[in-house]
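Okay everyone, thanks for coming. I'll put a structure up on the screen, and then we'll walk through it together.

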Amino acid sequence: MAMAGARVRVRVRVGVSALCLPSLLRNARPLQPSPWPGLTAVRALSGSAERTMLDRIIRVDHAGEYGANRIYAGQMAVLGRSPVGPIIQQMWDQEKEHLEKFNELIVDHRVRPTLLMPFWNVAGFVLGKHPYVFKISILN
C-alpha cells in the first residue's frame with residue numbers, strides 16, 4: 001500500500017507497446033545494471049522472450065501505421081479537394097513512409113501481421129471518412 005504523498009516512478013523504454021508490458025514483466029530475469037544513463041537497473045529478457053516482445057511491438061506498431069494510413073485515405077476521400085486537402089495529403093505521405101518502414105520490418109524480422117488487417121482496412125477508412133460526411137450533411 002502506498003503512503004499518502006509518496007511518488008511512484010515507472011520508466012518504460014520508448015517503443016514498448018503497453019500491450020506487451022505484462023508479458024515482458026513475466027518473462028523478465030532479475031534486475032541487471034543499466035546500460036542507459038539515468039536508469040539504475042533494467043530487467044534483462046531471455047532470447048525467446050525478447051523475440052516475442054519484438055514480434056508484438058512490430059505487429060502492434062505496423063497495425064497502427066496501417067490504420068492511420070486508412071484513416072487518411074478516408075479523410076482524403078471527403079476533403080481531398082478542399083482547402084485542407086494539401087495538408088492532409090502531406091500528413092498522409094508521412095504516414096505512408098512510416099507504413100513502408102514497418103512493412104520492411106515485418107518482412108525482415110519474419111513477423112506475422114495482425115489478423116485484424118481486413119478489419120483495419122475497412123474500419124480505418126470509415127473512421128477517416130464518416131465524421132466529415134456527418135458534419136458536412138449537418139451543415140448543408
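Let's start with a question: in which helix do Lys-101 and Glu-104 both lie, and how many residues apart are they? Both of them lie in helix α3, three residues apart, which is about one turn of the helix. When I say helix, I mean a DSSP run of H or I with at least four residues, while a strand is a run of E with at least two, and both are numbered from the N terminus.

Before going on, a word on what you're looking at: this is a predicted model, where local features need pLDDT of at least 70, side-chain atom pairs count only at pLDDT 80 or more, and totals for chains, interfaces and linings use all residues. Residues are numbered from 1 along each chain as its sequence is written, and side-chain values use heavy atoms, with hydrogens and water left out.

So how confident was the predictor? pLDDT is its confidence in each residue, from 0 to 100. The protein chain has a mean pLDDT of 76, with 61% of its residues at 70 or more. Among the elements, α3 has the highest mean, 94, and helix α1, residues 21-26, has the lowest, 49. Over residues 1-22, pLDDT stays under 50. Where pLDDT is low, the predicted coordinates should not be read in detail.

Now the overall layout. The chain has four helices and two strands. Starting from the N terminus, the order is α-β-β-α-α-α. Of the 140 residues, 27% are buried. Buried means under 20% relative accessible area, exposed means over 50%, and partly exposed is in between, using a 1.4 Å probe and protein chains only. A contact, by the way, means heavy atoms within 4.5 Å. Among the contacts with a separation of 6 or more, 59% are between residues 24 or more positions apart.

Let's go inside. Which residues make up the largest nonpolar core? There are six: Tyr-72, Ala-73, Met-76, Leu-79, Ile-88 and Trp-92. A nonpolar core here is a set of buried Ala, Val, Leu, Ile, Met, Phe, Trp, Tyr and Cys residues joined through side-chain atoms within 4.5 Å. The elements giving two or more residues to this core are α2 (47-79) and α3 (85-108), and α2 gives the most, with four. In soluble globular proteins, nonpolar side chains tend to be buried together. Take a look at Tyr-72: leaving aside neighbours within four places in sequence, Tyr-72 is in contact with Ile-88, Met-91, Trp-92 and Glu-95.

That brings us to Met-91, which lies in helix α3. Is Met-91 buried or partly exposed? Met-91 is partly exposed, because its relative accessible area is 35%. Together with Val-84 and Ile-87, Met-91 forms a nonpolar patch on the surface, with about 240 Å² of accessible area in total. For a patch like that, we take residues with over 30% relative accessible area and no salt bridge; like charges are joined within 9 Å, and nonpolar side chains (Val, Leu, Ile, Met, Phe, Trp, Tyr) within 5 Å. The areas come from the Shrake-Rupley method with a 1.4 Å probe, and for residues only the protein chains shown count as cover.

Back to charges. The structure holds two salt bridges, where a salt bridge is a side-chain nitrogen of Lys or Arg within 4 Å of a carboxyl oxygen of Asp or Glu. One is our opening pair: the closest N and O atoms of Lys-101 and Glu-104 are 3.8 Å apart. Lys-101 counts as partly exposed because its relative accessibility is 44%. The other joins Asp-55 and Arg-51, at 3.1 Å, N to O. Those two both lie in helix α2, four residues apart. Asp-55 is buried, because its relative accessible area is 16%, whereas Arg-51 counts as partly exposed at 33%.

Next, helix α4, residues 117-139, where we find Lys-129. Not counting residues up to four places away in sequence, Lys-129 touches Gly-74, Gln-75 and Val-78. Lys-129 and Ile-71 are 58 residues apart in sequence, yet 7.4 Å apart in space, C-alpha to C-alpha.

Last stop: the loop between α3 and α4, home of Arg-110. Arg-110 isn't a glycine, but has a positive phi of about 55°. Most residues other than glycine have a negative phi. Arg-110 counts as exposed, because its relative accessibility is 75%.

Notes:
pLDDT is the predictor's confidence in each residue, from 0 to 100.
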